[in-house]
Amino acid sequence: MVAEASAEVTLSGISRAFGALRVLDGVDLQVPAGTMTAVLGPSGCGKTTLLRIVAGFESPDAGSVRIAGDVVAGSGAAVPAHRRRVGLMPQEGALFPHRTVAGNIAFGLRAAHRRDSAAVVARWLEVVGLSGLADARPGQLSGGQQQRVALARALAAGPRVLLLDEPFAALDAGLRVRVREDITAILRESGTTAILVTHDQDEALSLADTVAVLFDGTIAQHAAPADLYDRPATLQVARFVGGTVELAGDCRGGVVRTALGAHPVRIPVPDGPVTMVARPEQLHLGGGDDPRGTVTDRRYYGSRAVLRVRLDGGAQVSVHTQADVAAASGDQVTVGVRGTVLAFASPSGGQGMALGEPGG
Ligand code: ADP
Ligand code: MG
């Protein structure tokens with residue numbers, strides 16, 4: 001396969017405003033050579049702007065971009081996009097509709113490969129599993145096949161860094177998981193440094209080596225997927241990377257007390273009022289000693305059921321169960337919590353109230 005030089009990318013203090021709108025406000029991010037980093041953030045948080053700055057289609061107002069140690073933007077440098085050897089797979093409309101698949105891939109070839117372009121194109125078609133489709137037009141391909149062609153075209157150019165801008169967002173849910181796994185496998189095998197931006201936490205957590213959460217113009221946390229999920233730095237990060245069950249509580253000596261009982265905290269916090277956060281999968285129908293409540297709703301999801309339970313204290317929680325658990329609206333149940341929980345200090349004055357769960 002490819003053994004192109006893949007490079008480390010370092011962003012330092014990147015800021016960018018459009019008029020009065022400050023989109024990026026001091027972004028620091030380091031992407032080691034040959035790894036995939038996901039930048040995860042809500043729609044409109046500046047992900048595309050960040051990629052365009054790395055690619056060289058946009059300039060930062062402040063801060064610098066280094067690729068393989070060389071400053072390409074900021075500090076007076078402004079290396080043009082075509083000299084950075086950075087590939088960008090844009091959000092949509094990546095392919096030339098009137099060129100064949102082979103023609104699209106050949107377009108990406110560096111001058112050095114143009115002499116034997118037919119052989120190089122054939123090799124890339126094979127890498128992305130589309131050998132039979134060299135003469136097809138993009139319009140004749142499925143969404144997933146088109147994304148593979150776009151990937152082959154981007155990689156054929158021999159980038160030191162590949163930037164992927166929500167590359168799977170336009171695909172049907174059924175196709176998306178397979179295409180993203182295929183494409184990630186190709187990227188890993190080729191050892192390309194990749195930055196994938198997405199608003200989809202499952203995508204970020206399941207594909208990337210590390211995930212950087214972009215909120216309010218800065219990186220709120222950059223960590224390995226399991227660390228981000230289990231040890232989120234803030235309540236906002238906890239909510240963005242997964243489902244939460246949130247209850248008001250009081251923390252003393254590493255144990256938080258809530259309507260669901262007493263739970264050891266995973267990350268120490270000072271004693272006082274807190275918001276307790278558990279992941280929905282930690283809650284289960286409990287034993288005799290667990291807090292009591294009443295089932296108010298039951299939803300069936302095929303592989304599981306989700307029960308809404310109003311605890312006797314008034315707080316509402318969701319409990320994930322096996323789909324065949326016989327609990328129905330109106331039933332009395334008890335609810336237990338597995339493992340350790342997170343606690344975040346409540347803003348001063350906040351106390352006592354059951355918070356329930358934003359977004360269920
Ligand atoms: P994301 O990709 O995370 O959805 P974008 O980087 O596309 O976010 O945009 C971030 C914000 O910057 C949005 O509010 C968008 O409207 C604004 N924006 C992006 N590019 C421009 C531009 N060239 N001129 C003015 N505003 C822009
Ligand atoms: Mg975008």
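**Leu187, its helix packing, and helix 1**

Setting aside neighbours within four places in sequence, Leu187 touches Met36, Leu151, Leu155, Leu162, Leu164, Thr192 and Ala194. These contacts come from a predicted model. Leu187 itself belongs to helix 5, which covers residues 173-190. With a relative accessible area of just 3%, Leu187 is buried, because anything under 20% counts as such. Gly41 makes a handy reference point elsewhere in the chain: 146 residues separate it from Leu187 in sequence, and the two C-alpha atoms sit 22 Å apart.

Two of the contact partners of Leu187, Leu151 and Leu155, bring helix 4 into the picture. Helix 4 spans residues 143-156, and its axis comes within 10 Å of that of helix 5, with a crossing angle of roughly 15°. The two helices are therefore roughly parallel to each other, as angles under 35 degrees are classed that way. Their crossing is right-handed. On the helix 4 side, the contact is built from Gly144, Gln147, Arg148, Leu151 and Leu155. Helix 5 puts in Leu175, Arg178, Val179, Asp182, Ile183, Ile186, Leu187 and Ser190. Sorted by character, the residues of this contact come out as seven nonpolar, three polar and three charged. As for the spacing of such residues, an α-helix has 3.6 residues a turn, so positions three or four places apart point the same way.

Now for helix 1, which runs over residues 47-55. Seven of its nine residues are buried, so helix 1 is largely enclosed by the rest of the structure. The buried set consists of Lys47, Thr49, Leu50, Leu51, Ile53, Val54 and Ala55. Right after helix 1 comes Gly56, and its phi is positive, at near 100°.

Thr49 is worth a separate look within helix 1. Its relative accessibility is 12%, so Thr49 falls under the 20% cut-off and counts as buried. Which residues does Thr49 contact, leaving aside its neighbours within four places in sequence? The partners are Arg16, Phe18, Val23 and Leu24.

Zooming out to the whole chain, the domain assignment splits it into domain 1, residues 9-230, and domain 2, residues 243-355. Taken over C-alpha atoms, the centres of domain 1 and domain 2 are 39 Å apart.

Methods:
Residues are numbered from 1 along each chain as its sequence is written. Chains are lettered from A and ligands numbered from 1 in the order in which they are written. This is a predicted model: local features need pLDDT of at least 70, side-chain atom pairs count only at pLDDT 80 or more; totals for chains, interfaces and linings use all residues. Side-chain values use heavy atoms; hydrogens and water are left out. Domain bounds come from an automatic or database domain assignment. Helices (H or I, at least four residues) and strands (E, at least two) are DSSP runs, numbered from the N terminus. Buried means under 20% relative accessible area, exposed over 50%, partly exposed in between (1.4 Å probe, protein chains only). Contact means heavy atoms within 4.5 Å. Axes are lines fitted to C-alpha atoms, for helices over the stretch in contact, and angles run from 0 to 180 degrees between N-to-C directions. Angles under 35 degrees count as roughly parallel, over 145 as roughly antiparallel, 65 to 115 as roughly perpendicular and the rest as oblique. A crossing is left-handed if the near helix is turned anticlockwise from the far one by less than a right angle, and right-handed if clockwise. Ala, Val, Leu, Ile, Met, Phe, Trp, Tyr, Cys and Pro count as nonpolar, Asp, Glu, Lys and Arg as charged, and the others, Gly among them, as polar.
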